[in-house]
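Trainee: Please take a close look at one part of this model, the surroundings of the ligand, and follow it into the neighbouring interior.

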Amino acid sequence: MVRRVVVGAAVLREGRLLACRRTTPVAVAGRWELPGGKVEPDETPDAALVREVAEELGVDVVVTGWLDGASPIADTHELRVATCTVAGWTPYPTEHDRLRWLRADELDDVDWLEPDRPFLAQLTERLR
Ligand SMILES: Nc1nc2c([nH]c(=O)n2[C@H]2C[C@H](O)[C@@H](COP(=O)(O)OP(=O)(O)OP(=O)(O)O)O2)c(=O)[nH]1
């Protein structure tokens, strides 16, 4: 079975990574993730990432590269993560109830969704 791709944006700015706290569904409310979502059938992963972050945070990101690997999400999807930059901005979250800009030494301070955790080592390297 081919897994559908979920893309996550590792937005890096001034030595920090943007982490977002989910509000839905109830099972994962309060857990932390990267902004993003499911790639539509007619979309590239890059385009999906730009679209999802604009929908969720009201800002345009520039994709700078994809991290290695993919994490399974349940039996049906997989998470891939790209590093992104933004120009100076004020995020306006529409789907998350809290945002944090984490330094490398703070990445373990929030309760990430499991599929995100394998990417944290690569992100620590990018932040140092
Ligand atoms: N956006 C996002 N989703 C993640 C991450 N890690 C992780 O396991 N997921 C899971 C949660 C959801 O089961 C799925 C993505 O769902 P979503 O609700 O964000 O995607 P979407 O906006 O395209 O949703 P939909 O309305 O099409 O259902 O991937 C992450 O870092 N970012």
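**The ligand shell and the core**

Mentor: The ligand is surrounded by 13 residues (C-beta atom, placed from the backbone, within 6 Å of it), and Gly8, Glu33, Gly37, Lys38 and Pro115 are the closest. The model is predicted: local features need pLDDT of at least 70 and side-chain atom pairs pLDDT 80 or more, while totals for chains, interfaces and linings use all residues. Residues are numbered from 1 along each chain as its sequence is written.

Strands E1, E4 (36-38) and E7 each supply at least two residues of this shell (strands are DSSP runs of at least two residues, helices H or I runs of at least four, numbered from the N terminus). E4 contributes the most, three residues.

The largest nonpolar core has 23 residues (buried Ala, Val, Leu, Ile, Met, Phe, Trp, Tyr and Cys joined through C-beta atoms within 7 Å). Ala9, Ala10, Val11, Leu49, Val61 and Ala82 have the most contacts inside it. E1 (4-13), E2 (16-22), helix H1 (45-57) and E7 (77-85) each provide at least two core residues, with E1 giving the largest share, five.

Cys84 lies in E7. Cys84 counts as buried because 26 other C-beta atoms lie within 10 Å (20 or more is buried, 12 or fewer exposed, partly exposed in between). Leaving aside residues up to four places away in sequence, Cys84 touches Ala9, Ala10, Val11, Val61, Val62, Val63 and Thr64 (C-beta atoms within 7 Å). Val61, on the same terms, touches Leu49, Val50 and Val53 among others. Cys84 and Val50, 34 residues apart in sequence, are separated by 9.4 Å, C-alpha to C-alpha.

Conventions: Two residues are in contact if their C-beta atoms, placed from the backbone, lie within 7 Å.
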